[in-house]
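Colleague: Before we look at anything in particular, could you take me through how aromatic pairs and a nonpolar core are read from a set of coordinates?

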Amino acid sequence: MTVQITAGQFHAADGVEDWRCLYHLVSAYFPTGSLARGIALVDEIGRLADDAQQQYLNVDLGHTGVTVFLTMRDVALARRISAAARDLGIPADPTAVQVINVTLDALIGADVLPFWQALLGYRQIGEDYLADPARRGLGRGLQPMDTPRPHRNRMHLDVAVPHDQAEARIAAALAAGGHLVSDVNAPAWWVLADAEGNEACVATWVGRQ
């Protein structure tokens, strides 16, 4: 069994410059410019994954690009996928990856999680997270709160971005009319809000591991 590693250890490895850690996964985006080139890359990724007897791999094929998700321990496969993309003349764009979750504040998570699981048809991961098994929709998480917050929106977006893109993303949101609510947990996450107080978090792996 491959030993688990941290996000910091992954980024310190050689040959993974195309990849960025987002929560517990790593991701790379390869802009192909056409569906045909994307299919060629996906075919090669499939061959590499079969050779590696890969247990976890998610590939999203779009008309103009391919997004790949692996676990942090898959350093060797990440290197091989990057090399295959380069051989096909498809450079990666590390700035283009992200993961978006919808997060709900809950007093007692165990009381509300079954409702959302049944409603969405998702599967539970850990104690407070639901994921779409077919990757059709956003993940849904629960965030504990100590007391009811009747005057605050209890649902918000969590946007995980590459650690080297967080400041630019935050600056763009602030320039677009938002404001900073809290940076007490930065660089793990910042809390922002729009002009009417609707909140969202920008998250990175830095400060978590």
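Modeller: We will go through the ring pairs and then the core, keeping in mind that this is a predicted model.

Colleague: How many aromatic pairs does the structure hold, and what describes such a pair?

Modeller: In general, a pair of aromatic rings is described by the distance of the centres and the angle of the planes. The structure holds two aromatic pairs. In one of them, tryptophan 19 and phenylalanine 30 meet edge-to-face, with 6.4 Å between centres and 75° between the planes. This pair links distant parts of the chain, 11 residues apart, with tryptophan 19 in the loop between helix 1 and strand 1 and phenylalanine 30 in strand 2.

Colleague: Is tryptophan 19 buried or exposed?

Modeller: Tryptophan 19 counts as buried because its relative accessibility is 0%, and phenylalanine 30 is likewise buried, with a relative accessible area of 0%. The other pair, phenylalanine 115 with tryptophan 116, is also edge-to-face, at 5.2 Å centre to centre and 85° between the planes.

Colleague: What sits over the ring of tryptophan 116?

Modeller: The charged end of arginine 140 does, lying 4.1 Å from the ring centre, while tryptophan 116 itself counts as buried at 17% relative accessibility, since the cut-off for buried is under 20%.

Colleague: Which residues touch the most other members of the largest nonpolar core?

Modeller: In soluble globular proteins, nonpolar side chains tend to be buried together. Here the largest core has 24 residues, and those touching the most other members are Phe10, Trp19, Phe30, Val68, Leu70 and Ile81. Helix 3 supplies the largest share, six residues. Beyond its neighbours within four places in sequence, isoleucine 81 is in contact with residues including Trp19, Phe30, Val68 and Leu70.

Key:
Residues are numbered from 1 along each chain as its sequence is written. This is a predicted model: local features need pLDDT of at least 70, side-chain atom pairs count only at pLDDT 80 or more; totals for chains, interfaces and linings use all residues. Side-chain values use heavy atoms; hydrogens and water are left out. Rings of Phe, Tyr and Trp (its six-membered ring) pair if their centres lie within 6.5 Å; planes under 30 degrees apart count as stacked, over 60 as edge-to-face and the rest as tilted. Helices (H or I, at least four residues) and strands (E, at least two) are DSSP runs, numbered from the N terminus. Buried means under 20% relative accessible area, exposed over 50%, partly exposed in between (1.4 Å probe, protein chains only). A charge sits over a ring if NZ of Lys or CZ of Arg is within 6 Å of the ring centre and within 35 degrees of the ring normal. A nonpolar core is a set of buried Ala, Val, Leu, Ile, Met, Phe, Trp, Tyr and Cys residues joined through side-chain atoms within 4.5 Å. Contact means heavy atoms within 4.5 Å.
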